[in-house]
Amino acid sequence: MSANEVLTLITGSDKGIGFETAKELAKAGQHVLIGARNQVRGESAVQAIREAGGQADFVQLDVTNADQVQAAAKQIQADYGHLNVLINNAGIAADAHQKPSELSIDLIQQDFAVNFFGLIRVTQAMVPLLRAGQPAKIINVTSNMGSFGLATDPNSRFYQVSSLGYQASKAAANFATVDFAKELADEGITVNSVNPGWTATGFGGRDESKPAIPGMQSVAEGAAQIIKLALSTDQTTGTFTENAGKLPW
Ligand SMILES: NC(=O)c1ccc[n+]([C@@H]2O[C@H](COP(=O)([O-])OP(=O)(O)OC[C@H]3O[C@@H](n4cnc5c(N)ncnc54)[C@H](OP(=O)(O)O)[C@@H]3O)[C@@H](O)[C@H]2O)c1
């Protein structure tokens, strides 16, 4: 790769919002690393990007697997020696609108394993590479479901929502944004959270062959703010935004 090319790792980018983001960033000239736990889908995502003229490589990456995350960092170090953009996109919603009093601890732990601990694990492993690639950025794909501000506002539709595992894991991921942003502010690395919004992917087990439910965004709309931040040269850090602007934490 050339010296001024931007190298971008996106977790969970073999499909959905992550793949859309990867496609668009590759179109814009970034060299994308498709992080995926499913090798077959990851490699076909790479092929699709290459066929469209973009640069992409596959990185085997289950964010819950510490050995795999370390191996991914080693591979990137050996192949490129740095990273410019990390997009922590991999996410799950193991629980769906159960009452908190009835929700199994196991489902909450599954949400946290990917959405919070996975994000921290990947970030910690990639920070040395981002330091070598500064100015660099981390974009954490969280959710308006993890906003305390919206969940406690009687005028918000999120006031009625209760998915404790998913909500708490995304709120925790937002806290990671706040704390990593402070730690890395003087090192030329920005850290921001983005809410894609309700998007017509297979997220949460939705059948993608079915038409989008009214009110759902297209995948392109869901990826737009992530792409905007990934292409921006703005050094703003520690924010939580969506297509429409700023969100309350
Ligand atoms: N769609 C929405 O309405 C919506 C709204 C707000 C926020 N979000 C957030 O947006 C992000 C992308 O979601 P999406 O809608 O594109 O969903 P998606 O189509 O289900 O994609 C999620 C991606 O994350 C990957 N993933 C899950 N667990 C993983 C793990 N342990 N290690 C590595 N990758 C893992 C999935 O891979 P596998 O197929 O192998 O599991 C998949 O590639 C998520 O963080 C989600 O919370 C989505």
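Author: Start with residue classes: Ala, Val, Leu, Ile, Met, Phe, Trp, Tyr, Cys and Pro count as nonpolar, Asp, Glu, Lys and Arg as charged, and the others, Gly among them, as polar. You're looking at a predicted model, where local features need pLDDT of at least 70 and side-chain atom pairs count only at pLDDT 80 or more, while totals for chains, interfaces and linings use all residues. Residues are numbered from 1 along each chain as its sequence is written, and side-chain values use heavy atoms, with hydrogens and water left out.

Reader: Okay! How many cavities of 30 Å³ or more does a search of the whole structure find?

Author: On a 1 Å grid over the protein atoms alone, a cavity is a set of points where a 1.4 Å probe fits but cannot get out; a pocket is an open set with protein on both sides within 12 Å along at least five of seven lines; lining residues have an atom within 4 Å of a point. Points join across faces, edges and corners, and the volume is the space filled by probe spheres set on them. Here the search turns up 1 cavity of that size, holding about 70 Å³ of space.

Reader: Which residues line the largest cavity, and what classes are they?

Author: There are 14 lining residues, and Asn-88, Asn-89, Ala-90, Val-114 and Leu-119 lie nearest the centre. By class, the lining has 7 nonpolar, 6 polar and 1 charged residues. Helices α4 and α6 are the elements giving two or more residues to this lining (helices are DSSP runs of H or I, at least four residues, and strands are runs of E, at least two, numbered from the N terminus). The top contributor is α4, with 5 residues.

Reader: And how much space lies in the largest pocket?

Author: About 1,300 Å³. Its lining has 50 residues, with Gly-91, Ala-93, Thr-201, Phe-203 and Gly-204 nearest the centre. They split into 20 nonpolar, 20 polar and 10 charged. Three helices, α1 (16–27), α4 (105–132) and α6 (164–184), supply at least two lining residues each, and α1 gives the most, with 3.

Reader: Next, the sheet. What is the order of the strands in the open sheet?

Author: Two strands pair if DSSP finds at least two bridges between them. The sheet has 8 strands in the order β3-β2-β1-β4-β5-β6-β7-β8, and the pairing is mixed. At the edges sit β3 (55–60) and β8 (245–246), each pairing on one side only. You can see both directions: β4 (residues 85–88) runs parallel to β5, joined by 4 bridges, whereas β7 (residues 240–242) runs antiparallel to β8, joined by 2 bridges. For a single pair in each, find Val-85 with its bridge partner Lys-137 in β5, then Glu-242 opposite Gly-245 in β8.

Reader: How many residues of β5 are buried?

Author: Buried means under 20% relative accessible area, exposed over 50%, and partly exposed in between (1.4 Å probe, protein chains only). In β5, 6 of its 6 residues are buried. Ala-136, Ile-138 and Asn-140 point one way, and Lys-137, Ile-139 and Val-141 point the other.

Reader: Why does Val-40 count as exposed?

Author: Val-40 counts as exposed because its relative accessibility is 66%. You'll find Val-40 in helix α2 (residues 39–51). Compare Thr-190 in strand β6: Thr-190 is buried because its relative accessible area is 4%. Outside its neighbours within four places in sequence, Thr-190 is in contact (heavy atoms within 4.5 Å) with Ala-136, Lys-137, Ile-138, Gln-235, Thr-236 and Thr-237.

Reader: Which residues of the largest nonpolar core touch the most other members?

Author: In soluble globular proteins, nonpolar side chains tend to be buried together. A nonpolar core is a set of buried Ala, Val, Leu, Ile, Met, Phe, Trp, Tyr and Cys residues joined through side-chain atoms within 4.5 Å. This one has 37 residues, and Leu-9, Leu-33, Ile-76, Leu-83, Leu-86, Met-126 and Leu-130 touch the most other members. Helix α4 gives this core the most, with 13 residues. Apart from it lies another core, of 24 residues, including Leu-25 and Val-194.

Reader: Last one: where is the peptide bond that is cis?

Author: Most residues other than glycine have a negative phi, and most peptide bonds are trans. Here the bond from Gln-134 to Pro-135 is cis, with omega near 5°, and Pro-135 sits in the loop between α4 and β5. His-97, in the loop between β4 and α4, has a positive phi, near 60°.
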